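Q: Take me through the sheet in this model, please, and how it fits in with what sits around it. I'm new to this one, so go slowly and explain the terms as they come up.

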Amino acid sequence: MALPAPAANSLVMRKELGEMFTHQGIAVGAWISLDSSCEIKPNVYTDTFEIEFGSHAGSLGLAMTEDMVDKLAGVFADAQTRFRELDIEAEQDELKPAGPESLNVWN
């Protein structure tokens, strides 16, 4: 006897279709702002990496595969490089001599 196909709203079917998982029709999207004062708690398990930002009720937890850790490491490295480039550009702009338009105090 063959097993029935997954229902259209099942997690299995949604995963196959690439749809966002919802619970009773509610999908959650979130943005958080992190700075260096944020507590970070990482945990590595056999096939999952979990990281918690913040603590207790004021926290956000993420769980991901090793492939996703590699992908995020590349994204973070690119962001860090860009931050450094922007810092260098800002320093160079500060060192540029003022042009003649900056000498006209009457405008």
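A: Let's start with one cross-strand pair: Lys-41 stands opposite Glu-52 in E2. One step along, Pro-42 stands opposite Ile-51, also in E2. A word on what you're looking at: this is a predicted model, where local features need pLDDT of at least 70, side-chain atom pairs count only at pLDDT 80 or more, and totals for chains, interfaces and linings use all residues. Residues are numbered from 1 along each chain as its sequence is written, and side-chain values use heavy atoms, with hydrogens and water left out.

The labels are simple: helices (H or I, at least four residues) and strands (E, at least two) are DSSP runs, numbered from the N terminus. Two strands count as paired if DSSP finds at least two bridges between them. In general, the strands of a sheet pair through backbone hydrogen bonds, in either a parallel or an antiparallel way.

Here, strand E1 covers residues 40-44 and is joined to E2 by five bridges, with the two running antiparallel. The link between E1 and E2 is a hairpin of four residues. Thr-48 sits in that loop between E1 and E2. Thr-48 counts as partly exposed because its relative accessible area is 23% (buried means under 20%, exposed over 50%, and partly exposed in between, with a 1.4 Å probe and protein chains only). Thr-48 and Leu-62 are 14 residues apart in sequence, and their C-alpha atoms are 10.0 Å apart in space.

Now for the other side of E2. E2 and E3 are also antiparallel, this time over seven bridges. Across that pairing, Phe-49 stands opposite Met-64 in E3, and Glu-50 stands opposite Ala-63 in E3. E2 and E3 form a hairpin too, with two residues between them, and His-56 in the turn has a positive phi of about 55°.

Put it together and you get an open sheet of three strands, in the order E1-E2-E3, with antiparallel pairing. E1 and E3 are the edge strands, each pairing on one side only. From one strand to the next, the twist averages 15° (axes are lines fitted to C-alpha atoms, for helices over the stretch in contact, and angles run from 0 to 180 degrees between N-to-C directions).

Back to the pair we began with. Side chains of opposite charge can pair when their charged atoms come close. Lys-41 and Glu-52 do that in a salt bridge, at 3.4 Å from N to O (the term means a side-chain nitrogen of Lys or Arg within 4 Å of a carboxyl oxygen of Asp or Glu). Lys-41 lies in strand E1 and Glu-52 in strand E2, so this pair ties together parts that are 11 residues apart in sequence. Lys-41 is partly exposed at 30% relative accessible area, and Glu-52 is partly exposed at 23%.

Lys-41 also has a salt bridge to Glu-39, at 4.0 Å from N to O. Glu-39 is partly exposed as well, at 42% relative accessibility. Through shared partners, these salt bridges join Glu-39, Lys-41 and Glu-52 into one network. The model has four salt bridges by this rule, one of them between Glu-89 and Arg-82, whose closest N and O atoms are 3.6 Å apart.

Last stop: the largest pocket, with a volume of about 520 Å³. Of the 20 residues lining it, the closest to its centre are Leu-34, Ile-40, Phe-53, Leu-72 and Phe-76. The elements giving two or more residues to this lining are strand E2 (49-55), strand E3 (58-64) and helix H2 (66-95). H2 gives the most, with eight residues.

As for what a pocket is: on a 1 Å grid over the protein atoms alone, a pocket is an open set of points where a 1.4 Å probe fits, with protein on both sides within 12 Å along at least five of seven lines, and lining residues have an atom within 4 Å of a point. Grid points are joined across faces, edges and corners, and the volume is the space filled by probe spheres set on the points.

By class, the lining has 17 nonpolar, two polar and one charged residues (Ala, Val, Leu, Ile, Met, Phe, Trp, Tyr, Cys and Pro count as nonpolar, Asp, Glu, Lys and Arg as charged, and the others, Gly among them, as polar).
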